[in-house]
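Subject: Structure handover

Hello,

Here is the structure for you to look over. My notes on it follow below.

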Amino acid sequence: YRKAIQFYQRNVDVIGPARRFERFGLTVPPALFCESYLIWCLAELGDFKTGAARSLRLLGAARESKHPYTLITANYCAGRHELIRGELPRAIPQLEEAFELTRVYEYPVWFPNTASSLGYAYVLAGRHAEGLSLMEQAVERAGRLAQAFVHALRLVFLADALRQLGRREAAHERAVEALEVARTHQEAGSVAYALRTLGDVYADDDSERARSCFEEATEMATQLGMRPLVAHCQFGLGELSKRRGDFAAAGETLRTAVALYGGLDMESWRQRAESVLSSVT
């Protein structure tokens with residue numbers, strides 16, 4: 001993610017503001033495309049303050065461009081930024097706009113990504129049936145389109161949604177598939193996400209495997225600078241210790257998660273972690 005930010009920023013700087021709407025023979029203006037994915041990378045690193053400011057400018061430029069593909073890309077990446085942060089009231093409208101533009105302007109290549117992220121946001125917001133349907137369609141269509149890019153993340157979202165709905169066997173199957181896909185395509189960040197999700201899936205009945213997954217995910221996320229994911233793994237470890245009745249270990253790990261979320265300004269996640277912490281202290 002750090003290296004990607006360097007390249008994206010260099011492209012934006014070389015093109016310059018005066019030519020940011022030029023396509024240079026491409027499908028989308030490369031300056032705005034690079035700015036979009038740069039914002040996603042910032043979110044993975046937990047630099048939400050910078051990402052939020054850049055998202056505001058990007059969305060304004062995308063609307064000024066009046067170019068549907070650019071609007072989809074900008075709203076999708078800005079929505080992913082807020083989804084990673086845990087700000088669903090901001091994420092959902094942006095992802096909805098990206099999804100609707102995909103449908104109106106008939107960009108089937110964008111359906112898997114927009115439907116997957118929007119569906120996951122819906123599930124997190126309690127709109128389970130609607131969200132699960134979108135995610136299942138996203139995975140199915142990605143297969144038909146032979147879309148390998150970020151397919152592991154689509155599977156991670158689906159696995160976590162299935163877990164939250166109590167469908168543990170199906171969640172385990174999808175999480176294992178996500179891990180295999182991520183490793184096959186050497187997507188290190190997606191490997192870390194899949195391991196964290198497997199940890200959550202195993203947590204109910206195989207605490208040792210769950211702990212191993214969380215610890216491996218933490219190690220990878222730390223190496224990659226994925227601070228939000230590190231915080232999630234600490235939260236998962238804390239909840240795991242609570243299930244085992246080890247309240248001292250749970251309290252220590254959950255305090256770490258609360259501090260990490262607080263430092264990243266992930267307020268909704270901080271509140272969730274604090275609620276669990278209050279039950280063990």
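A definition first: the radius of gyration is taken over C-alpha atoms, and the rule for a globule is 2.2 Å times the number of residues to the power 0.38. Please keep in mind that this is a predicted model.

Overall shape

For 281 residues, that rule puts a compact globule near 19 Å. The protein chain has 19 Å, so the two agree. Along its principal axes, the C-alpha trace spans about 60 × 40 × 30 Å.

The protein chain has 14 helices and 0 strands. From the N terminus on, the order is therefore simply α-α-α-α-α-α-α-α-α-α-α-α-α-α, with each run assigned by DSSP.

Of the 281 residues, 55% count as buried. Take the contacts in the protein chain with a separation of 6 or more: residues 24 or more positions apart account for 60% of them.

Surface and charge

The protein chain exposes about 12800 Å². Carbon and sulfur atoms supply 51% of that area. There are 34 positive and 35 negative side chains. The centres of these two sets lie 5 Å apart.

Two covered helices

Start with α2, residues 30-45. At 1.5 Å a residue, its 16 residues should span 22 Å. The end C-alpha atoms are 22 Å apart, which agrees. Of the 16 residues in α2, 15 are buried, so the helix is largely enclosed by the rest of the structure. Gly46 comes just after α2 and takes a positive phi of about 85°.

Next is α6, residues 111-124. This helix has 14 residues. From first C-alpha to last, α6 reaches 20 Å, close to the 20 Å expected at 1.5 Å a residue. The helix is mostly covered, with 13 of its 14 residues buried. Just after α6, Gly126 has a positive phi of about 95°.

One residue to look at: Ser207

Ser207 sits in helix α11, residues 207-224. Is Ser207 buried or exposed? Neither: its relative accessible area is 22%, and Ser207 is partly exposed. The cut-off matters here, because buried means under 20% and exposed means over 50%.

What does Ser207 touch, once its neighbours within four places in sequence are left aside? Its contacts are Tyr202, Leu240 and Arg244. As for Arg168, Ser207 is 39 residues from it in sequence. In space, the two are 15 Å apart, C-alpha to C-alpha.

Best wishes

Notes:
Residues are numbered from 1 along each chain as its sequence is written. This is a predicted model: local features need pLDDT of at least 70, side-chain atom pairs count only at pLDDT 80 or more; totals for chains, interfaces and linings use all residues. Side-chain values use heavy atoms; hydrogens and water are left out. Helices (H or I, at least four residues) and strands (E, at least two) are DSSP runs, numbered from the N terminus. Buried means under 20% relative accessible area, exposed over 50%, partly exposed in between (1.4 Å probe, protein chains only). Contact means heavy atoms within 4.5 Å. Accessible areas come from the Shrake-Rupley method with a 1.4 Å probe; for residues, only the protein chains shown count as cover. Lys and Arg count as positive and Asp and Glu as negative; His and the chain ends are not counted. The place of a charge is taken as NZ of Lys, CZ of Arg, CG of Asp or CD of Glu. The expected span of a helix is 1.5 Å times one less than its number of residues.
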